[in-house]
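Subject: Structure handover

Hello,

Here is the structure I promised to pass on to you. Please open it alongside this message, and my notes will follow below.

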Amino acid sequence: MVDTNIDKIKKFPLEDGEITNVEWKERIKTPEPNPLGFKMVDGGSFYRVIMKLHPTAQSNITVMMYLPEPEAWNGKFLGTGNGGYAGSIAEGALMNGIGRGYATANTDLGTTPDPNDCIGLPEVLIDYGHRATHLMTVVGKQLTTYFYGEAPKYSYFAGGSTGGQQGFSEAQRYPEDYDGIVSLSPAFDRVRLHSFFVWNWQQLHGRKEATFTPEQAQKWKDSIVKVYGKECGSNDLDPFLAYPGGIKGNPMDHPALQEAIEEQLTDGQKEALRIIYDGPKDPVTGERFITPFLPGSEAEFLSLVDMSNKEQFAHGFLFPFRWIWGKDFDFEKFDFHKDLQEAIAQLSPILDATNPDLSAFKAHGGKLLVVGGSVDAIIPYTGFLDYYHKVVAEQGGLEETKRFFRFLLMPGFSHTAGGTGVQEVGIIGLTEVPRDPDHDVICALEQWVEQGVAPDRLLGTHLKNWGSEIEFDHVRPSYAYPYVAKYTGGDPKNPENYIPVEDAEAYE
(Lines give C-alpha, C1' and ligand atoms only; values in the text may rest on other atoms or scores of the structure.)
Protein backbone atom coordinates (compact mmCIF):
# COMPACT_ATOMS: atom_id res chain seq x y z
CA MET A 1 0.00 0.00 0.00
CA VAL A 2 2.72 2.43 0.95
CA ASP A 3 4.74 1.84 -2.23
CA THR A 4 1.60 2.20 -4.36
CA ASN A 5 0.75 5.54 -2.79
CA ILE A 6 4.30 6.81 -3.19
CA ASP A 7 4.21 5.88 -6.85
CA LYS A 8 0.85 7.61 -7.21
CA ILE A 9 2.17 10.83 -5.67
CA LYS A 10 5.19 10.81 -7.95
CA LYS A 11 2.83 10.79 -10.95
CA PHE A 12 0.99 13.91 -9.80
CA PRO A 13 0.81 16.23 -12.87
CA LEU A 14 2.61 19.33 -11.63
CA GLU A 15 2.66 22.35 -13.95
CA ASP A 16 5.86 24.44 -14.13
CA GLY A 17 7.64 22.25 -11.64
CA GLU A 18 8.56 18.77 -10.52
CA ILE A 19 8.29 16.50 -7.54
CA THR A 20 11.81 15.88 -6.28
CA ASN A 21 11.16 13.51 -3.40
CA VAL A 22 8.39 11.42 -1.83
CA GLU A 23 8.92 9.37 1.29
CA TRP A 24 6.88 7.59 3.91
CA LYS A 25 7.50 8.77 7.47
CA GLU A 26 6.56 6.39 10.24
CA ARG A 27 4.66 7.62 13.27
CA ILE A 28 6.74 10.15 15.18
CA LYS A 29 6.22 9.74 18.89
CA THR A 30 7.38 12.59 21.10
CA PRO A 31 7.42 11.42 24.73
CA GLU A 32 10.54 13.49 25.34
CA PRO A 33 11.00 17.20 24.59
CA ASN A 34 12.97 18.17 21.50
CA PRO A 35 16.21 20.16 21.97
CA LEU A 36 14.21 23.39 22.51
CA GLY A 37 12.15 21.76 25.23
CA PHE A 38 9.05 21.49 23.03
CA LYS A 39 6.81 18.43 23.14
CA MET A 40 4.83 18.39 19.91
CA VAL A 41 1.46 16.73 19.38
CA ASP A 42 1.93 13.30 17.78
CA GLY A 43 1.60 13.67 14.02
CA GLY A 44 1.09 10.00 13.19
CA SER A 45 2.47 8.49 9.98
CA PHE A 46 2.49 10.56 6.81
CA TYR A 47 3.87 11.11 3.33
CA ARG A 48 6.51 13.81 2.99
CA VAL A 49 6.47 15.38 -0.47
CA ILE A 50 8.95 17.91 -1.86
CA MET A 51 8.11 19.94 -4.96
CA LYS A 52 10.09 22.53 -6.92
CA LEU A 53 8.13 25.23 -8.74
CA HIS A 54 9.47 27.42 -11.55
CA PRO A 55 6.85 30.01 -12.52
CA THR A 56 9.64 32.12 -14.07
CA ALA A 57 13.17 31.44 -15.30
CA GLN A 58 14.56 32.97 -12.06
CA SER A 59 12.20 31.13 -9.72
CA ASN A 60 13.10 28.07 -7.70
CA ILE A 61 10.36 27.70 -5.08
CA THR A 62 10.42 24.74 -2.72
CA VAL A 63 7.06 23.49 -1.44
CA MET A 64 6.88 20.70 1.11
CA MET A 65 3.71 18.83 2.02
CA TYR A 66 2.87 16.42 4.78
CA LEU A 67 0.00 14.15 3.78
CA PRO A 68 -1.63 12.11 6.58
CA GLU A 69 -2.62 8.52 6.05
CA PRO A 70 -5.99 8.58 4.24
CA GLU A 71 -7.84 7.30 7.30
CA ALA A 72 -6.24 10.02 9.46
CA TRP A 73 -6.96 12.94 7.11
CA ASN A 74 -9.44 15.45 8.56
CA GLY A 75 -10.70 16.41 5.11
CA LYS A 76 -9.03 19.86 5.19
CA PHE A 77 -5.99 21.72 3.88
CA LEU A 78 -3.64 23.94 5.92
CA GLY A 79 -1.14 26.34 4.41
CA THR A 80 1.52 27.51 6.84
CA GLY A 81 3.83 30.50 7.02
CA ASN A 82 7.54 31.04 7.27
CA GLY A 83 9.71 33.56 9.11
CA GLY A 84 12.21 36.32 8.35
CA TYR A 85 13.62 36.02 4.85
CA ALA A 86 12.67 32.30 4.85
CA GLY A 87 15.12 30.33 2.68
CA SER A 88 14.18 26.98 4.20
CA ILE A 89 11.10 24.94 5.02
CA ALA A 90 9.48 25.51 8.42
CA GLU A 91 8.92 21.86 9.29
CA GLY A 92 7.71 22.73 12.78
CA ALA A 93 4.69 24.37 11.16
CA LEU A 94 4.13 21.21 9.11
CA MET A 95 4.26 19.11 12.28
CA ASN A 96 1.62 21.32 13.87
CA GLY A 97 -0.66 20.76 10.90
CA ILE A 98 -0.11 17.03 10.58
CA GLY A 99 -0.79 16.65 14.31
CA ARG A 100 -4.28 18.02 13.62
CA GLY A 101 -4.94 15.72 10.66
CA TYR A 102 -4.47 18.36 7.96
CA ALA A 103 -2.88 17.95 4.56
CA THR A 104 -0.29 20.62 5.33
CA ALA A 105 1.96 22.74 3.11
CA ASN A 106 4.89 25.10 3.63
CA THR A 107 7.23 26.96 1.28
CA ASP A 108 10.71 28.45 1.50
CA LEU A 109 9.25 31.45 -0.40
CA GLY A 110 11.73 30.90 -3.20
CA THR A 111 14.66 32.36 -1.28
CA THR A 112 17.85 30.79 0.06
CA PRO A 113 19.32 30.86 3.58
CA ASP A 114 21.38 33.90 2.55
CA PRO A 115 19.10 36.84 1.67
CA ASN A 116 21.89 38.41 -0.40
CA ASP A 117 21.33 35.70 -3.00
CA CYS A 118 18.14 37.54 -4.03
CA ILE A 119 20.03 40.62 -5.20
CA GLY A 120 19.48 41.23 -8.91
CA LEU A 121 16.62 38.71 -9.17
CA PRO A 122 13.37 40.69 -9.37
CA GLU A 123 11.21 37.63 -9.99
CA VAL A 124 12.49 36.04 -6.78
CA LEU A 125 11.38 39.13 -4.89
CA ILE A 126 7.88 38.65 -6.30
CA ASP A 127 8.02 35.00 -5.24
CA TYR A 128 8.99 36.08 -1.73
CA GLY A 129 6.41 38.85 -1.59
CA HIS A 130 3.35 36.81 -2.53
CA ARG A 131 3.64 34.44 -5.50
CA ALA A 132 5.28 31.51 -3.69
CA THR A 133 2.57 31.42 -1.00
CA HIS A 134 -0.20 31.54 -3.59
CA LEU A 135 1.37 28.79 -5.71
CA MET A 136 1.98 26.67 -2.60
CA THR A 137 -1.73 27.00 -1.92
CA VAL A 138 -2.81 26.14 -5.45
CA VAL A 139 -0.59 23.07 -5.88
CA GLY A 140 -1.15 22.04 -2.26
CA LYS A 141 -4.90 21.86 -2.72
CA GLN A 142 -4.48 20.19 -6.11
CA LEU A 143 -2.24 17.48 -4.67
CA THR A 144 -4.61 17.02 -1.72
CA THR A 145 -7.54 16.48 -4.10
CA TYR A 146 -5.49 14.17 -6.33
CA PHE A 147 -4.22 12.02 -3.48
CA TYR A 148 -7.40 11.67 -1.41
CA GLY A 149 -9.84 11.67 -4.32
CA GLU A 150 -11.81 14.64 -3.03
CA ALA A 151 -11.21 18.36 -2.56
CA PRO A 152 -10.61 19.69 0.96
CA LYS A 153 -13.83 20.76 2.67
CA TYR A 154 -12.09 23.79 4.16
CA SER A 155 -8.76 25.51 3.56
CA TYR A 156 -6.95 27.44 6.29
CA PHE A 157 -3.72 29.38 6.62
CA ALA A 158 -1.71 29.96 9.80
CA GLY A 159 1.50 31.93 10.25
CA GLY A 160 3.26 34.60 12.25
CA SER A 161 5.64 37.48 11.47
CA THR A 162 6.56 36.88 7.81
CA GLY A 163 3.93 34.16 8.00
CA GLY A 164 1.49 36.78 9.24
CA GLN A 165 2.33 38.94 6.21
CA GLN A 166 1.74 35.89 4.01
CA GLY A 167 -1.73 35.58 5.54
CA PHE A 168 -2.53 39.27 4.99
CA SER A 169 -1.26 39.06 1.42
CA GLU A 170 -3.45 36.05 0.71
CA ALA A 171 -6.55 37.83 2.02
CA GLN A 172 -5.79 40.92 -0.07
CA ARG A 173 -4.30 39.51 -3.28
CA TYR A 174 -5.83 36.03 -3.51
CA PRO A 175 -9.06 36.29 -1.50
CA GLU A 176 -10.48 32.95 -2.65
CA ASP A 177 -7.49 30.83 -1.60
CA TYR A 178 -8.58 30.35 2.02
CA ASP A 179 -11.72 30.09 4.11
CA GLY A 180 -9.91 31.25 7.23
CA ILE A 181 -6.57 32.86 8.06
CA VAL A 182 -4.68 33.19 11.36
CA SER A 183 -2.00 35.89 11.36
CA LEU A 184 0.20 36.44 14.40
CA SER A 185 2.18 39.70 14.56
CA PRO A 186 2.00 40.21 10.79
CA ALA A 187 4.95 41.91 9.07
CA PHE A 188 2.41 43.34 6.64
CA ASP A 189 3.88 46.85 6.22
CA ARG A 190 7.23 45.35 5.40
CA VAL A 191 9.17 48.21 3.83
CA ARG A 192 8.35 50.69 6.59
CA LEU A 193 8.81 47.96 9.19
CA HIS A 194 12.37 47.30 8.06
CA SER A 195 12.94 51.05 8.09
CA PHE A 196 11.82 50.92 11.73
CA PHE A 197 14.52 48.30 12.31
CA VAL A 198 17.12 50.55 10.67
CA TRP A 199 15.99 53.52 12.77
CA ASN A 200 16.38 51.66 16.09
CA TRP A 201 19.63 49.99 14.97
CA GLN A 202 21.13 53.35 14.00
CA GLN A 203 20.42 54.82 17.43
CA LEU A 204 22.30 52.04 19.20
CA HIS A 205 25.29 52.05 16.86
CA GLY A 206 25.52 55.72 15.96
CA ARG A 207 26.81 56.94 19.32
CA LYS A 208 29.24 55.86 22.03
CA GLU A 209 28.22 53.25 24.64
CA ALA A 210 24.61 53.00 23.49
CA THR A 211 24.30 49.22 23.11
CA PHE A 212 22.80 46.98 25.80
CA THR A 213 23.82 43.81 27.61
CA PRO A 214 21.04 41.41 28.70
CA GLU A 215 21.45 42.58 32.31
CA GLN A 216 21.17 46.25 31.38
CA ALA A 217 18.10 45.70 29.21
CA GLN A 218 16.36 43.63 31.88
CA LYS A 219 17.03 46.12 34.65
CA TRP A 220 15.77 49.03 32.56
CA LYS A 221 12.67 47.07 31.48
CA ASP A 222 11.90 46.30 35.12
CA SER A 223 12.04 50.02 35.90
CA ILE A 224 9.62 50.74 33.05
CA VAL A 225 7.18 48.09 34.30
CA LYS A 226 7.37 49.36 37.88
CA VAL A 227 6.40 52.88 36.81
CA TYR A 228 3.85 52.12 34.09
CA GLY A 229 2.39 48.79 35.27
CA LYS A 230 -0.88 49.95 36.82
CA GLU A 231 -1.41 52.57 34.10
CA CYS A 232 -1.04 49.87 31.45
CA GLY A 233 -3.43 47.34 32.96
CA SER A 234 -0.92 45.04 34.68
CA ASN A 235 -1.49 43.46 38.08
CA ASP A 236 1.10 43.57 40.87
CA LEU A 237 2.64 40.23 39.85
CA ASP A 238 2.95 40.96 36.12
CA PRO A 239 6.58 41.42 35.01
CA PHE A 240 5.27 43.07 31.83
CA LEU A 241 3.00 45.82 30.53
CA ALA A 242 -0.39 44.45 29.50
CA TYR A 243 -1.42 47.40 27.31
CA PRO A 244 1.56 49.70 26.65
CA GLY A 245 -0.10 51.38 23.66
CA GLY A 246 -1.84 53.76 26.03
CA ILE A 247 1.38 55.38 27.27
CA LYS A 248 1.40 59.09 26.60
CA GLY A 249 4.66 60.95 26.23
CA ASN A 250 8.27 59.76 26.13
CA PRO A 251 9.28 57.52 29.07
CA MET A 252 12.57 59.40 29.27
CA ASP A 253 10.61 62.42 30.53
CA HIS A 254 8.64 60.59 33.24
CA PRO A 255 9.49 62.07 36.68
CA ALA A 256 9.40 58.67 38.39
CA LEU A 257 12.03 57.27 36.00
CA GLN A 258 14.63 60.01 36.41
CA GLU A 259 16.53 58.27 39.20
CA ALA A 260 16.69 54.99 37.24
CA ILE A 261 17.79 56.86 34.13
CA GLU A 262 20.74 58.39 35.95
CA GLU A 263 21.70 55.20 37.78
CA GLN A 264 21.28 52.67 34.96
CA LEU A 265 21.93 54.33 31.61
CA THR A 266 24.99 55.73 29.89
CA ASP A 267 24.73 59.06 28.06
CA GLY A 268 24.66 57.16 24.78
CA GLN A 269 21.85 54.89 25.97
CA LYS A 270 19.83 57.88 27.18
CA GLU A 271 20.11 59.58 23.80
CA ALA A 272 19.33 56.39 21.88
CA LEU A 273 16.29 55.46 23.96
CA ARG A 274 14.80 58.94 23.73
CA ILE A 275 14.85 58.74 19.92
CA ILE A 276 13.73 55.10 19.83
CA TYR A 277 10.70 55.81 22.05
CA ASP A 278 9.86 58.92 20.04
CA GLY A 279 9.70 56.79 16.91
CA PRO A 280 10.83 56.99 13.28
CA LYS A 281 10.12 60.24 11.44
CA ASP A 282 10.76 61.60 7.98
CA PRO A 283 13.53 64.21 8.52
CA VAL A 284 12.07 66.49 5.85
CA THR A 285 8.34 66.36 6.53
CA GLY A 286 8.50 65.44 10.23
CA GLU A 287 5.87 62.76 9.57
CA ARG A 288 5.98 59.59 11.65
CA PHE A 289 5.90 56.87 9.00
CA ILE A 290 5.39 53.90 11.35
CA THR A 291 4.44 53.29 14.95
CA PRO A 292 7.19 53.67 17.60
CA PHE A 293 8.87 51.00 19.70
CA LEU A 294 6.70 49.93 22.64
CA PRO A 295 7.96 50.53 26.21
CA GLY A 296 8.08 47.32 28.24
CA SER A 297 9.61 45.21 25.46
CA GLU A 298 13.22 46.28 26.03
CA ALA A 299 14.42 42.84 27.20
CA GLU A 300 12.33 40.72 24.84
CA PHE A 301 13.39 38.64 21.84
CA LEU A 302 14.88 40.74 19.00
CA SER A 303 14.89 43.86 21.17
CA LEU A 304 17.72 46.04 22.50
CA VAL A 305 20.12 43.16 23.16
CA ASP A 306 19.73 41.53 19.75
CA MET A 307 19.89 44.91 18.01
CA SER A 308 23.15 45.55 19.87
CA ASN A 309 24.76 42.78 17.78
CA LYS A 310 25.50 45.13 14.91
CA GLU A 311 26.36 42.86 11.99
CA GLN A 312 24.17 39.92 12.88
CA PHE A 313 21.04 42.06 13.23
CA ALA A 314 21.78 43.97 10.04
CA HIS A 315 22.24 40.74 8.08
CA GLY A 316 19.08 39.13 9.40
CA PHE A 317 16.65 42.07 9.43
CA LEU A 318 17.75 44.82 7.04
CA PHE A 319 17.91 42.60 3.94
CA PRO A 320 15.16 44.18 1.74
CA PHE A 321 17.26 47.29 1.21
CA ARG A 322 20.21 45.24 -0.01
CA TRP A 323 17.88 43.92 -2.68
CA ILE A 324 17.83 47.48 -4.05
CA TRP A 325 21.29 48.86 -3.26
CA GLY A 326 23.48 45.76 -2.97
CA LYS A 327 25.11 43.74 -0.20
CA ASP A 328 27.60 46.47 0.70
CA PHE A 329 24.98 49.15 1.36
CA ASP A 330 25.90 51.24 4.44
CA PHE A 331 22.86 51.24 6.71
CA GLU A 332 24.40 53.89 8.95
CA LYS A 333 23.82 56.31 6.07
CA PHE A 334 20.23 55.27 5.33
CA ASP A 335 18.25 58.44 4.56
CA PHE A 336 14.76 58.25 6.04
CA HIS A 337 13.38 60.60 3.40
CA LYS A 338 15.12 59.90 0.09
CA ASP A 339 16.06 56.24 0.63
CA LEU A 340 12.78 55.33 2.29
CA GLN A 341 10.73 56.84 -0.53
CA GLU A 342 12.80 54.98 -3.11
CA ALA A 343 12.39 51.71 -1.20
CA ILE A 344 8.64 52.24 -0.94
CA ALA A 345 8.41 52.92 -4.67
CA GLN A 346 10.40 49.82 -5.63
CA LEU A 347 9.43 47.27 -2.99
CA SER A 348 6.03 48.12 -1.49
CA PRO A 349 3.99 46.91 -4.49
CA ILE A 350 5.73 43.54 -4.15
CA LEU A 351 6.30 43.05 -0.42
CA ASP A 352 3.64 45.05 1.41
CA ALA A 353 0.14 43.83 2.29
CA THR A 354 -1.43 47.10 3.43
CA ASN A 355 -4.60 47.27 1.31
CA PRO A 356 -7.55 47.75 3.73
CA ASP A 357 -10.11 46.69 1.13
CA LEU A 358 -10.94 43.13 2.16
CA SER A 359 -14.35 43.11 0.50
CA ALA A 360 -13.47 40.24 -1.86
CA PHE A 361 -12.20 38.08 1.02
CA LYS A 362 -15.34 38.92 2.99
CA ALA A 363 -17.58 38.11 0.01
CA HIS A 364 -15.82 34.74 -0.28
CA GLY A 365 -16.89 34.06 3.31
CA GLY A 366 -13.34 34.30 4.62
CA LYS A 367 -12.51 34.91 8.27
CA LEU A 368 -9.34 36.67 9.45
CA LEU A 369 -8.12 36.26 13.02
CA VAL A 370 -5.15 38.39 14.11
CA VAL A 371 -3.33 38.00 17.42
CA GLY A 372 -0.67 40.39 18.68
CA GLY A 373 1.57 40.54 21.73
CA SER A 374 1.82 43.46 24.12
CA VAL A 375 5.60 42.99 24.47
CA ASP A 376 6.48 42.26 20.85
CA ALA A 377 9.61 44.36 20.34
CA ILE A 378 10.05 43.83 16.62
CA ILE A 379 6.48 44.31 15.33
CA PRO A 380 4.58 46.58 17.75
CA TYR A 381 0.90 45.70 17.79
CA THR A 382 -0.02 49.35 17.37
CA GLY A 383 1.05 49.06 13.73
CA PHE A 384 -1.42 46.40 12.68
CA LEU A 385 -4.04 47.94 14.96
CA ASP A 386 -3.76 51.02 12.74
CA TYR A 387 -4.43 48.76 9.76
CA TYR A 388 -7.44 47.34 11.58
CA HIS A 389 -8.82 50.86 12.00
CA LYS A 390 -8.44 51.41 8.26
CA VAL A 391 -10.39 48.24 7.54
CA VAL A 392 -13.08 49.38 9.98
CA ALA A 393 -13.34 52.66 8.07
CA GLU A 394 -13.49 50.78 4.77
CA GLN A 395 -16.25 48.52 6.12
CA GLY A 396 -18.23 51.38 7.61
CA GLY A 397 -17.94 50.35 11.24
CA LEU A 398 -16.49 47.99 13.83
CA GLU A 399 -19.45 45.63 14.08
CA GLU A 400 -19.48 45.02 10.34
CA THR A 401 -15.72 44.39 10.43
CA LYS A 402 -15.98 41.95 13.34
CA ARG A 403 -18.27 39.77 11.24
CA PHE A 404 -15.17 38.54 9.38
CA PHE A 405 -12.05 40.16 10.93
CA ARG A 406 -11.10 40.18 14.62
CA PHE A 407 -8.03 41.34 16.51
CA LEU A 408 -6.99 40.11 19.96
CA LEU A 409 -4.10 41.48 22.01
CA MET A 410 -2.31 39.02 24.31
CA PRO A 411 -0.79 40.52 27.50
CA GLY A 412 2.88 39.69 27.92
CA PHE A 413 3.07 37.85 24.60
CA SER A 414 6.27 38.40 22.61
CA HIS A 415 6.97 37.87 18.91
CA THR A 416 4.60 35.02 17.86
CA ALA A 417 5.83 32.82 20.74
CA GLY A 418 7.47 33.27 24.12
CA GLY A 419 7.29 36.25 26.42
CA THR A 420 7.02 36.99 30.12
CA GLY A 421 3.23 36.55 30.12
CA VAL A 422 1.46 34.55 27.43
CA GLN A 423 3.88 32.35 25.51
CA GLU A 424 1.84 30.19 23.16
CA VAL A 425 -1.59 30.32 21.50
CA GLY A 426 -1.51 27.14 19.40
CA ILE A 427 0.76 28.22 16.56
CA ILE A 428 3.53 25.81 17.64
CA GLY A 429 1.41 22.75 18.41
CA LEU A 430 2.65 21.93 21.90
CA THR A 431 1.11 19.13 23.94
CA GLU A 432 0.83 21.53 26.90
CA VAL A 433 -1.63 23.85 25.14
CA PRO A 434 -5.23 22.58 25.29
CA ARG A 435 -6.41 21.94 21.73
CA ASP A 436 -9.78 23.66 21.83
CA PRO A 437 -11.27 26.98 20.64
CA ASP A 438 -10.69 28.60 24.05
CA HIS A 439 -6.90 28.17 23.97
CA ASP A 440 -5.86 27.45 20.39
CA VAL A 441 -6.08 30.00 17.56
CA ILE A 442 -6.48 27.41 14.82
CA CYS A 443 -9.31 25.69 16.69
CA ALA A 444 -10.91 29.09 17.28
CA LEU A 445 -10.68 29.85 13.56
CA GLU A 446 -12.17 26.47 12.64
CA GLN A 447 -15.11 27.05 14.97
CA TRP A 448 -15.69 30.51 13.47
CA VAL A 449 -15.60 29.29 9.86
CA GLU A 450 -17.41 25.98 10.28
CA GLN A 451 -19.92 26.77 13.03
CA GLY A 452 -20.25 30.53 12.84
CA VAL A 453 -19.06 31.04 16.43
CA ALA A 454 -16.79 34.08 16.42
CA PRO A 455 -13.99 34.30 19.03
CA ASP A 456 -14.73 36.92 21.68
CA ARG A 457 -12.08 35.60 24.08
CA LEU A 458 -8.88 33.59 23.74
CA LEU A 459 -6.87 32.13 26.61
CA GLY A 460 -3.14 32.42 26.05
CA THR A 461 -0.94 29.84 27.76
CA HIS A 462 1.96 30.57 30.10
CA LEU A 463 4.40 27.70 30.51
CA LYS A 464 6.85 26.81 33.26
CA ASN A 465 10.50 26.44 32.31
CA TRP A 466 10.05 27.96 28.86
CA GLY A 467 12.83 26.50 26.71
CA SER A 468 13.65 23.51 28.92
CA GLU A 469 11.17 20.72 29.63
CA ILE A 470 8.23 23.10 29.64
CA GLU A 471 4.94 22.37 31.36
CA PHE A 472 1.57 24.10 31.63
CA ASP A 473 1.31 26.81 34.29
CA HIS A 474 -1.68 29.10 33.74
CA VAL A 475 -3.66 31.03 31.14
CA ARG A 476 -4.34 34.72 30.58
CA PRO A 477 -7.45 35.96 28.77
CA SER A 478 -7.58 38.37 25.88
CA TYR A 479 -10.68 39.78 24.23
CA ALA A 480 -11.58 40.91 20.74
CA TYR A 481 -10.92 44.60 20.10
CA PRO A 482 -11.86 47.07 21.55
CA TYR A 483 -12.12 45.07 24.79
CA VAL A 484 -9.26 44.47 27.20
CA ALA A 485 -8.98 42.19 30.21
CA LYS A 486 -9.39 44.04 33.51
CA TYR A 487 -8.08 42.34 36.65
CA THR A 488 -10.72 42.24 39.41
CA GLY A 489 -8.67 40.78 42.28
CA GLY A 490 -7.81 37.35 43.63
CA ASP A 491 -5.44 34.87 42.04
CA PRO A 492 -4.02 36.59 38.90
CA LYS A 493 -3.47 33.17 37.34
CA ASN A 494 -7.20 32.48 37.37
CA PRO A 495 -8.73 33.73 34.09
CA GLU A 496 -12.09 34.17 35.79
CA ASN A 497 -10.58 37.02 37.80
CA TYR A 498 -10.56 39.20 34.67
CA ILE A 499 -13.49 40.85 32.96
CA PRO A 500 -13.76 42.42 29.51
CA VAL A 501 -13.96 46.21 29.48
CA GLU A 502 -14.01 48.53 26.51
CA ASP A 503 -10.85 50.61 26.61
CA ALA A 504 -9.69 51.91 23.25
CA GLU A 505 -6.98 54.05 24.92
CA ALA A 506 -5.15 50.90 25.97
CA TYR A 507 -4.64 50.10 22.31
CA GLU A 508 -3.51 53.46 21.01
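**What turned up**

The side chains of Glu-446 and Tyr-102 are joined by a polar contact of 2.4 Å. Do keep in mind, as you look at this pair, that the model is a predicted one.

Let me stay with Glu-446 for a moment. Is Glu-446 buried or exposed? Its relative accessible area is 15%, and the cut-off for buried is under 20%, so Glu-446 counts as buried. Leaving aside residues up to four places away in sequence, Glu-446 touches Lys-76, Tyr-102, Tyr-156 and Gln-451.

Glu-446 belongs to helix α16, which spans residues 441-451. That helix lies across β4, β6, β7, β8 (367-373) and β9, and it runs at about 155° to β8.

This brings us to the sheet itself. It is an open sheet of nine strands with mixed pairing, and the order is β1-β2-β3-β5-β4-β6-β7-β8-β9. Why do β1 (17-25) and β9 (405-410) each have one side without a neighbour in the sheet? Both stand at the edges with a single partner strand, so one side of each is left free of a neighbour there. From one strand to the next, the twist averages 15°.

Within the sheet, β6 (residues 154-160) and β7 (residues 180-184) run parallel and are joined by five bridges. Tyr-156, which you met above as a contact of Glu-446, stands opposite Gly-180 in β7. Helix α3 (residues 122-148) also packs on the sheet, where it touches β2 (46-53), β3 (61-68), β4 (76-80), β5 (103-107) and β6. The direction of α3 makes about 35° with that of β3.

Next, a pocket you may like to look at. The second largest one has a volume of about 420 Å³. It is lined by 23 residues, and those closest to its centre are Asp-189, Arg-192, Phe-289, Ile-290 and Asp-386. Which elements give two or more residues to this lining? They are α5 (190-205), α12 (338-351) and α14 (381-395). Of these, α14 gives the most, with five residues.

Finally, there is a strand pair further along the chain. Strand β10 (residues 457-464) is mostly covered, with six of its eight residues buried. Eight bridges connect β10 to β11 (residues 471-479), and the two run antiparallel. His-462 has His-474 in β11 as its bridge partner.

Happy browsing, and do write back with any thoughts.

Best wishes

Definitions and conventions. Residues numbered from 1 in each chain as written. Predicted model: local features only at pLDDT ≥ 70, side-chain atom pairs only at ≥ 80, totals over all residues. Heavy atoms only, no water. Pairing = 2+ DSSP bridges. Helix = DSSP H or I, 4+ residues; strand = E, 2+ residues; numbered from the N terminus. Axes fitted to C-alpha atoms, helices over the stretch in contact; angles between N-to-C directions. Contact = heavy atoms within 4.5 Å. Buried < 20%, exposed > 50% of the residue type's maximum accessible area, 1.4 Å probe, protein only. Polar contact = N/O pair within 3.5 Å; in protein donor to acceptor, adjacent residues only side chain to side chain. 1 Å grid on protein atoms, 1.4 Å probe; cavity = no way out; pocket = protein on both sides within 12 Å on 5 of 7 lines; lining within 4 Å. Points joined across faces, edges and corners; volume = space filled by probe spheres on them.
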